[in-house]
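Biologist: Could you take me closely through the way the parts meet, with the counts and the individual pairs set side by side? I would like one connected account rather than a list.

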Number of protein chains: 2
Amino acid sequence: MPRSWWGWGNVEDAVDGAERAALTARVAAILPGADLTVHRPPAIESLALPEPRVAAPGPLAALASADPADRAAYAHGQAFRDVVRNLLGQIATPPDLVVRPRTESDVVDVLDWASGANIAVIPFGGGTSVVGGVEPRLDGEFAGAVSLDLGALDRVLEIDRASRAARIQAGVLGPALEDQLREAKLTLRHFPQSFEFSTLGGWLATRAGGHFATLYTHIDDLVESMRVVTPAGVSESRRLPGSGAGPAPDRMFLGSEGILGVITEAWVRLQDRPRWRATASVHFDDYGRAVAATRAVAQSGLYPTNCRLLDPAEAFLNAGAATSGGVLVLGFESADHPTRPWMERAVEIVVEHGGTLPEPVRYTDSDAPAHGGGTADTWRSSFLRMPYQRDALAAQSIITETFETACTWDRFEALQAAVTTAANDAIRAVGATGVVTCRFTHVYPDGPAPYFGVYAAGRWGSTVAQWDEIKTAVSEALSAEGGTITHHRAVGRDHRPWYDRQRSEPFALALRAAKSALDPAGILNPGVLL
Amino acid sequence: MPRSWWGWGNVEDAVDGAERAALTARVAAILPGADLTVHRPPAIESLALPEPRVAAPGPLAALASADPADRAAYAHGQAFRDVVRNLLGQIATPPDLVVRPRTESDVVDVLDWASGANIAVIPFGGGTSVVGGVEPRLDGEFAGAVSLDLGALDRVLEIDRASRAARIQAGVLGPALEDQLREAKLTLRHFPQSFEFSTLGGWLATRAGGHFATLYTHIDDLVESMRVVTPAGVSESRRLPGSGAGPAPDRMFLGSEGILGVITEAWVRLQDRPRWRATASVHFDDYGRAVAATRAVAQSGLYPTNCRLLDPAEAFLNAGAATSGGVLVLGFESADHPTRPWMERAVEIVVEHGGTLPEPVRYTDSDAPAHGGGTADTWRSSFLRMPYQRDALAAQSIITETFETACTWDRFEALQAAVTTAANDAIRAVGATGVVTCRFTHVYPDGPAPYFGVYAAGRWGSTVAQWDEIKTAVSEALSAEGGTITHHRAVGRDHRPWYDRQRSEPFALALRAAKSALDPAGILNPGVLL
């Protein structure tokens, strides 16, 4: 299926027709007076892309493309500001070439060539970065810039059924990865929102967070070993369930966002496909009590697979539930045993904190995913459509973005207040009207990962600048209140000011030194992290 | 209580009298013909320690000791070879000084002085390293060597009850740490075998494994943030429940074994004190089926707190249970809910794999630890006495040591066979007789952490050389079979040959570069890791 060059996903899945009309009506109700004129992307031929500055030598030429459609599609990621700039035809720094290695040895050759020729190399998985991680907006002077698309490295190479693990190439997209594991009745069970269009290598390079609320959900915890091509040689860690031999080598490459090397393979931990599921939607009258209930569940040792607290605005907008205190979507899954005792205890906890269950808990026993209606499922379907709808709204001058962080429980109330105030103030300052919502994407015993939604009516042509102001205000607030600048989206180029403040100077020194050792020519994703 | 300068723990807790007699009788039965003459440690005054080469300047002088008793006690760790060398009075490289900072700023001053004067600094927590991690056996030429004892930094500074976390100084020993958390009804619940005599900082620097079999047991997973004094400045990470901002900074210092900096504080994740416990001892006729049962439990998503498979020899020697297939000690604990459904499902699984329960499952509901007799408790008591008994046997020419690793499930059978063969061959090659046992200390969904015990009758005066040969043979075997050279004891100086082979060259380059950036004078624990 053809992919959109300017926005999310597949061309044919874009929002249109009845969905567009319904969405527009809903937004008009929330943001009355918004100018919802639909703006269309320019034709690729009309884009005045700068001429490519470099050409791939010898055998690499066959892997390289200077096609304007490629260069335009690889120029930006999938942030709100990326999509809007595409719609406006503002593509200032496309890669000179898109190079598609077919083997790991092609990757080695590309890095050799680029190191010698002072060409920046941007490792590119699915291109779903929302932090400027794949945009050739470079720090330093380079002869050219190449996007290195790992998409041809898309195979599951080996499955170890006893250990429930597989050796997988880094360029594989989520669905193709799961397809190749299905016959062995195994699953990686890592479902970031970008799942359909992002890759294993991208997840590893950005420390992706999965869909589940607790335990084995972050890609960091699903890795046994990694293979990484660096300009200084290929690094391969030993495949181990655990180790205490020095600083964990994989942890240096996890989150390195392409600045230390190109991930080509990993051994990852799999799980049996879940069979038993329990789902409940818990309503609250008071948001403070809802937070306390969520915290109690997070600290109970029950480890729910879902524990997603939607604040009242989020519950209303994305799950159609009218409450004064929000909705906690609670779920347990297992491939081994019915989860009733787990759910029953979790329900006891939330009821003790004032929660009510308008619908009974749903228990299912099946290999098929449970889709029986109800608030939880409404929310799940809208989750998958969100990126498409974000694009549709972006084309109608709506500033629609989400900001994610994590903080300890003691700081959450102040952080939420500060972020909400900062976002509302910034929306007003840019002359817009809007709403701010909050949900938890993950919960830890020591704190939640809050995820803020901002929806504001912007002015066409100014929404990127307006977004930048709101983004800055929110980032300042969450950083000042002790949150992380990113919980699962990475730093890229867009989060640099706050990341630089968040990390310690000695750690920055060490990371810079490690990069110099592995990438002496400094060609790998310059401007990211360092 | 006075600490032993030559061996484990408190002087008054050393094995003696009836315990010595019983132990001697037991060993004589297993290793007939062994010369079990008891050798006593030399008097400290009789040790011909080299003169200190350096003196601490100015204000640091008040923190420094050149007392021979200090220098002897800080010269070695607690490995078998350390204890035997102490008994033989072989102390070749004691530190010139033991320095005891009272504050973090003292630590800064010591590193400044040492960096300028080319003096090696060995961070010292409880001194329980069994891998040569605290021994001033240096790589490089130094004007002197200082052991930096963090013991005065022993306070819990702050408790955040909502997030269940505390800010704790790195020099605190396990029991003092738990004492300071007791009033808040919280626990770090990190119980390595060295618990009584090791420190938070030591656990962090060596990636210690706790007592529990699954989930939150490794100190790596219990850290929110760390404060580390490096010669290039103080590094402090932000206190966060989770983050995706670049490579995890704490993971660079976790396992850095004192080569990058001196850990002075950490925010750690705590838990409510467990109330409900369930314990079972499962007997097997066939060890292969016992391993399969353990694997099934590890992959069930039940996450037992104990899941310790003892092979038949281990079960007999340390738990007094005669079986042909070994004993699986299974336990669940919770502060939130009775664990009966968890245990019942685990018992179903092990019974499906041929396990039997000679005693019924014991369920307790109490704040007090469960000590009701039975195989599990017999094993627990002997666990705590093991280091003392190891010393007693070492003084009777018995080579008694344990080797720990981790591997994926697919490799375990071959690894166990290879290690057992290598150990038995090596025991024979050094002219000894002995037995080799195996237990699992931790289990992961993708593999166990096997722990091998070797007990052999040595020749007094030669047991260190004999040990070295056995250690080398075992290390070669487990490394060749895909295990890690250390699962939870660290690399130190003794594991270097295998660690150097296990880690990739690019990672070594990066780590070396990071060290040069943080410790330009190269004074921190030289010879460890790099």
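Modeller: A polar contact is here a pair of N or O atoms within 3.5 Å; within protein, one of the two must be able to donate a hydrogen and the other to accept it, and residues adjacent in sequence count only if both atoms are side-chain atoms. The model is a predicted one, and by that rule the interface of chain A and chain B holds 32 residue pairs in polar contact, with both residues of each pair at pLDDT 80 or more. On the chain A side of this interface, helix α15 of chain A (residues 505-518) makes the largest contribution, with 9 residues, and the residues of chain A that touch chain B divide into 39 nonpolar, 26 polar and 15 charged.

The extent of the interface can be given in two ways. Counted by residues, 80 of chain A are in contact with 80 of chain B. The size of an interface is often given, too, as the accessible area lost when the parts come together. For chain A and chain B the buried area is about 6500 Å², and carbon and sulfur atoms give 58% of that area. A:Arg238, A:Pro241 and A:Pro247 supply 11% of what chain A buries against chain B, which is more than any other three residues supply.

Charged pairs belong to the same picture, since side chains of opposite charge can pair when their charged atoms come close. Across the interface of chain A and chain B the count is 6 salt bridges, and one that can be inspected directly joins B:Arg345 to A:Asp336, with N and O 2.8 Å apart.

A further surface lies within chain A, where the domain assignment gives domain 1 as residues 164-272 and domain 2 as residues 276-366. The C-alpha centres of these two domains of chain A are 29 Å apart, and their contact draws 7 residues from domain 1 and 8 residues from domain 2. The area buried between the two domains of chain A is about 650 Å², with 54% of it from carbon and sulfur atoms. On the side of domain 1 of chain A, half of the buried area, 50%, comes from A:His211, A:Ala213 and A:Thr214, more than from any other three residues.

Between these domains of chain A there is 1 salt bridge. A:Arg189 and A:Glu333 form a salt bridge in which the closest N and O atoms are 2.9 Å apart. The domains of chain A also share 4 residue pairs in polar contact, again with both residues at pLDDT 80 or more, while the residues of domain 1 that touch domain 2 divide into 3 nonpolar, 2 polar and 2 charged.

For context, the whole structure contains 80 salt bridges over all chains. Among them is one between A:Asp82 and A:Arg85, at 2.7 Å from N to O; both residues lie in helix α3 of chain A (residues 80-87), 3 residues apart, or about one turn of the helix.

The aromatic pairs number 19 over all chains. In one of them, B:Trp8 and B:Phe197, the ring centres are 5.6 Å apart and the planes stand at 85°, so the pair is edge-to-face. This pair links distant parts of chain B, 189 residues apart: B:Trp8 is in the segment before α1 (17-30), and B:Phe197 is in the loop between β7 (186-187) and α6 (200-206).

Two backbone details can be added. A:Tyr303, although not a glycine, has a positive phi of about 55°, and A:Tyr303 lies in the loop between α8 (287-298) and β13 (306-310) of chain A. B:Ala490 likewise has a positive phi, near 85°, and B:Ala490 is found in the loop between α13 (463-480) and α14 (496-502) of chain B.

Technical notes. Residues numbered from 1 in each chain as written. Chains lettered and ligands numbered in written order. Predicted model: local features only at pLDDT ≥ 70, side-chain atom pairs only at ≥ 80, totals over all residues. Heavy atoms only, no water. Domains from an automatic or database assignment. Contact = heavy atoms within 4.5 Å. Buried area = accessible area lost by both parts, 1.4 Å probe. Salt bridge = Lys/Arg side-chain N within 4 Å of Asp/Glu carboxyl O. Nonpolar A, V, L, I, M, F, W, Y, C, P; charged D, E, K, R; others polar. Phe/Tyr/Trp six-rings, centres within 6.5 Å; stacked < 30°, edge-to-face > 60°. Helix = DSSP H or I, 4+ residues; strand = E, 2+ residues; numbered from the N terminus.
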